[in-house]
Amino acid sequence: MLIFNSRDKAFKSKISAIATDEKCKFRITVPRDCKCSCATLAITKEGENECTVYYGMFWAGMCSNDYEYWEIHFSATTPGLYFYHFELDTPWGKSFIMNVGGGLGDFSAHGNEFQQTVYDKNFKTPDFLKGGIIYQIFPDRFCNSKTEKKDVPSVRVMRKWGDEPYWREEQMNGIWNNDFFGGDLKGIEKKLKYISDLGVNCIYINPIFEAHSNHRYDTADYEKIDSLLGTEEDLKSLCKKAKEKYGISIILDGVFSHTGCDSKYFNMYSHYDTLGAYNSKESLYYSWYKFINWPQDYHAWWGIKLLPEIIEEDENYRGYICGENGILRKWLRCGISGWRLDVADELPDIFLDDLRKAVKEENEDAVIIGEVWEDATNKFAYGQRRKYLLGDELDSVMNYPFADAVLNFVRFGHGSYFFDCIMSIIENYPPQVLNVLMNHIGTHDTERAITRLAGPDIEGKSRMWQHKHNTLSPYDYMRGLSMMKMASLIQFTLPGVPSIYYGDEIGMQGMKDPFNRACMQWDNQNEDLLKWYKRLGQIRRGSTALADGEFAPVFCENSAIAYERNSKDSSILVAVNNNDEETKIFVGNRWENSYPYFDYKCENGYISLPPHRYAMLSR
């Protein structure tokens, strides 16, 4: 008999974060031979003097002859992280029920605390993303419209579309990331129908503001579109056509933790006619930067001197970005629908609070997505616990825990580890955040999904080694295509919003930067995989269960799993056999006579799947 399971509604009525003033029922099952005379819920709110409060539980009846129930309804009036365990009074002293892993509670004096996230009851997230699909574009490498590029700096090296990106230092002549292929905003606009055919309703574009590297994370001017990409009018045209003709929203990358040293704000090389912080202590921008010994010695992002760090607490800087006529509002007024925040864990709370206020005042339904690689509810950074998802800062984050869970399951097949990762996020995140999580399986910062699935391990490997192994063997590539179908099926059916990194849908491969940032292969597409992605898009956009349905594990045995998504008016079941032999997966009789999207049905409560195959049923 289980003592407690925080991921089972028989023991905890809300398997998620709860709102302020929302009641959550806790139940524990206690052996009668403990002779328990009193049970308490011991709960501590982090940050409030770490004082534990004890709530007496009430005896709630027998569970068989050998066990009894103790219950309590808990609610909190203020947002925050609450950590809890249970204590029993017995004739032999105190007994403790602690978290022993996987959401399970058992008698232990050395287990961990359980986490209960409490968010502000007024916290809302944008509706337009729910049930949708995101498409991520690295703009220099997606599509060159062939329109004339004006005012392009002469130091940029223009390359032939489809050539291999520079990766050796000698190729770049000492100037890193200086090769460009000419992808632009007009090129994205030209390919809107292609993107729409994938079922996409949101495009996330990596930085587009003036900068002097091909990745443009070294912002030179927040007020200007980079000349190679186009103009402000081009962005307005893209946003207008995407929204009005295809129902697609555009979100931009906000890089606010650092600028480029070659920017109008720092101006190390005096390329701009402004007085930069490097030029004078009288500069309007001097207070933005963390000088140790002006002007040569300053804090830089990860020690990269090309990227001087910003003091985001600086009132002048916050006004420039978040003010009434600041950068955030300027581009929202051009038609974008939100921001993805680069290295959000390096942005202080005071800046994120101002940022949310500015964005939501301008457009209540605009989205704010943070780059956070871990569980964003309990992230500890820069000496404090972060409060990203309690209602005052972010709407969503890039969901790296899900990405790791999906890719590791498809590659290695550990079903129990997969479910533990998924349930941990479901348990800790507010439900309205869960439904808009950016669920990727590859980005501009990671190796291509097909490479990670079917290629060699690249941990600790040099660029030289990555270049040598950048192309999969024909056998591994075919195996990778099959693995991509399994991974994307899971990705598209988990809570949140699947995000496709441009080219993954046509089988592009590549190690880490710069190999994962190659030109879109418009003339070399795997049509079978592309057709598969289009089919997933159709299924997703036609199912309310995949928009906001609750997630429920159904089966887990070795490398075979099954789970459901259940909403008020529909249900979806996904079953995956990643074993090397045929497996019978028990899903229950209620799935008989349901609609099969693929080849396999439920018979007598079971789905029989050949090795490395999958089923998807709808009710």
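The following exercises concern salt bridges in a predicted model.

**Exercise 1.** Determine which residue pairs with Asp-184 in a salt bridge, and whether Asp-184 is buried or exposed.

*Solution.* Step 1: The partner is Lys-149, and the closest N and O atoms are 3.0 Å apart. This distance meets the criterion of within 4 Å.
Step 2: Asp-184 lies in the loop between strand E14 (179–180) and helix H1 (185–190), while Lys-149 lies in the loop between strand E12 (134–137) and strand E13 (157–158). The pair is 35 residues apart and links distant parts of the chain.
Step 3: Asp-184 has 1% relative accessibility and therefore counts as buried, whereas Lys-149, at 24%, counts as partly exposed.

**Exercise 2.** Locate the two partners of the salt bridge between Asp-445 and Arg-517, and classify their exposure.

*Solution.* Step 1: The closest N and O atoms of Asp-445 and Arg-517 are 3.6 Å apart.
Step 2: Asp-445 is placed in the loop between strand E26 (438–440) and helix H10 (449–454), and Arg-517 in the loop between strand E27 (497–501) and helix H13 (527–541), 72 residues apart.
Step 3: Asp-445 is partly exposed, with a relative accessible area of 28%; Arg-517 is buried, with 6%.

**Exercise 3.** Identify the salt-bridge network that contains Arg-333.

*Solution.* Step 1: Arg-333 forms a salt bridge with Glu-324, with 3.5 Å between the closest N and O atoms.
Step 2: Arg-333 is partly exposed at 42% relative accessibility, and Glu-324 is exposed at 51%.
Step 3: Both residues belong to a network that also includes Arg-329, Lys-357, Glu-361 and Glu-362.

Key:
Residues are numbered from 1 along each chain as its sequence is written. This is a predicted model: local features need pLDDT of at least 70, side-chain atom pairs count only at pLDDT 80 or more; totals for chains, interfaces and linings use all residues. Side-chain values use heavy atoms; hydrogens and water are left out. A salt bridge is a side-chain nitrogen of Lys or Arg within 4 Å of a carboxyl oxygen of Asp or Glu. Helices (H or I, at least four residues) and strands (E, at least two) are DSSP runs, numbered from the N terminus. Buried means under 20% relative accessible area, exposed over 50%, partly exposed in between (1.4 Å probe, protein chains only).
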